[in-house]
Amino acid sequence: MSFVLLHTIFTMATVLITGGTGLIGRHLSHLLKEKGYTVGILSRSGKQKKDDFPVYYWDIDKQIIDPKAILSSDFIIHLAGENIGEKRWTEERKKEIISSRILPTQLLFDAVSKSTHKPQAFISASAIGYYGAVTSEHIFTEQDPAANDFLGNTCRQWESEADKFEEFGIRTIKIRTGMVLSPTGGVLEKMKLPLKMGLGTLFGTGDQYMPWIHIDDLCCIYLKAIEDSSMTGAYNAVAPEPVSNRQFMQTIALTMHKEMRLHRIPAAVLKLALGSMSEILLEGSRVSAEKIINSSYEFRHPVLQDALNDLLQIHHSK
Ligand SMILES: NC(=O)c1ccc[n+]([C@@H]2O[C@H](COP(=O)([O-])OP(=O)(O)OC[C@H]3O[C@@H](n4cnc5c(N)ncnc54)[C@H](OP(=O)(O)O)[C@@H]3O)[C@@H](O)[C@H]2O)c1
């Protein structure tokens, strides 16, 4: 089949994005539209349109999903889930974080199993939390098992629900995502004010790794997962340059040409303030980007300083 024909088929395809109203979904839906895809959003709010995209309604508790959402989709990208950094991890909150990933995946599976129309691929978000909140010299690859801690167990169960789509012969991909850096929203937004005042933060020792990815790269990896039919299984979505918390802050200072005072928040204080959620700030190992690179993905922003230049809109004359 010629490249032109293949391109035409793909550009006519419809992609359904669950949680498409969130940080990644908003960015991804615009990228897909630019590339010629038709995009639909599956949302609990079910408004008629969001940024020109049709919005389909679902209610996970009531097991309701608009059947048109499934009937019209050639690809499903599943991003929905409670934000893990939004509230303190009480036992109740942990249950919400898990069930907001498992139950929607099961509802989608049920809807797809009943539908006469099956998507070509099911592409689910996952997270590098799969490997656990641990600081070590090990470089985690997709071959490593899930950790036996809260995020490890959450991601393992979430991924195993996604894997069920393979029963229908649907290509299934899981994108184990690192910390997403975006020009608006997300972690950088939260850091902007203190950074402008020249204040950087070290969490605990500052030696833990912070695997990161530029939002453009993450969205291009989702696009590749649609278009590259050889992609299947889990892929780490992290930039190839590993940095520690300390290096991250030093790079921001360098990028902004600012004298940065590094302000340390001791681990005990973070634990007191955030409870067990503090582990996502205090622990971190390197995660390998080799598998996605070996499948011919070329990072647009492999180096943190370039990514930050782009995201913080700092352009230096040469
Ligand atoms: N951002 C990151 O740094 C990062 C890193 C690793 C992994 N991820 C994963 O990637 C996915 C998307 O991330 P994001 O940053 O775009 O998240 P986000 O901004 O928090 O958006 C997630 C979307 O999921 C839907 N949602 C929230 N709670 C839900 C619930 N209880 N049941 C069903 N749907 C719910 C919401 O859409 P509606 O209100 O329209 O239904 C929301 O807009 C998440 O699953 C996240 O865990 C993100």
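## Around the ligand, one helix and the cysteines

Of the 22 residues around the ligand, those that come nearest are T21, I24, S43, R44 and R101. Keep in mind as you look at them that this is a predicted model. Sorted by class, the shell around the ligand holds nine nonpolar, ten polar and three charged residues.

Which protein atoms lie close to an oxygen atom of the ligand? The table lists polar contacts of this kind.

| Residue | Protein atom | Distance to a ligand oxygen atom |
|---|---|---|
| S43 | polar side-chain atom | 2.6 Å |
| N83 | polar side-chain atom | 3.2 Å |
| V180 | backbone N or O atom | 3.1 Å |

On its own, the ligand has 880 Å² of accessible area, and the protein covers 81% of that. Which elements give two or more residues to the shell around the ligand? They are α2 (23-34), α4 (91-114) and β7 (121-127). With three residues, β7 gives the most to this shell.

### Helix α12

Now to a helix further along the chain. Helix α12 spans residues 304-311, and its buried residues are L304, A307, L308, N309 and L311. As a general reminder, an α-helix has 3.6 residues a turn, so residues three or four places apart point the same way. What do the buried residues of α12 pack against? Their partners are two strands, β10 (179-181) and β12 (212-214), together with two helices, α6 (186-196) and α8 (245-256). After α12 comes Q313, and the phi of Q313 is positive, near 55 degrees.

### The cysteines

How many disulfides does the model have? The count comes to zero. A disulfide is a covalent bond between the sulfur atoms of two cysteines, and the cut-off used here asks for two cysteine sulfur atoms within 2.5 Å.

Take C155 to begin with. The closest cysteine sulfur to that of C155 is in C219, and because the two are 19 Å apart, they are too far for a bond. C155 counts as buried because its relative accessibility is 3%, and the cut-off for buried is under 20%.

C219 is in no disulfide either. Its nearest cysteine sulfur belongs to C220 and is 7.1 Å away, whereas a disulfide would need the pair within 2.5 Å. Is C219 buried or exposed? With a relative accessible area of 1%, C219 is buried.

Note on methods: Residues are numbered from 1 along each chain as its sequence is written. This is a predicted model: local features need pLDDT of at least 70, side-chain atom pairs count only at pLDDT 80 or more; totals for chains, interfaces and linings use all residues. Side-chain values use heavy atoms; hydrogens and water are left out. A residue is near a molecule or strand if one of its heavy atoms lies within 4 Å of it. A polar contact is a pair of N or O atoms within 3.5 Å; within protein, one must be able to donate a hydrogen and the other to accept it, and residues adjacent in sequence count only if both atoms are side-chain atoms. Accessible areas come from the Shrake-Rupley method with a 1.4 Å probe; for residues, only the protein chains shown count as cover. Helices (H or I, at least four residues) and strands (E, at least two) are DSSP runs, numbered from the N terminus. Ala, Val, Leu, Ile, Met, Phe, Trp, Tyr, Cys and Pro count as nonpolar, Asp, Glu, Lys and Arg as charged, and the others, Gly among them, as polar. Buried means under 20% relative accessible area, exposed over 50%, partly exposed in between (1.4 Å probe, protein chains only). Contact means heavy atoms within 4.5 Å.
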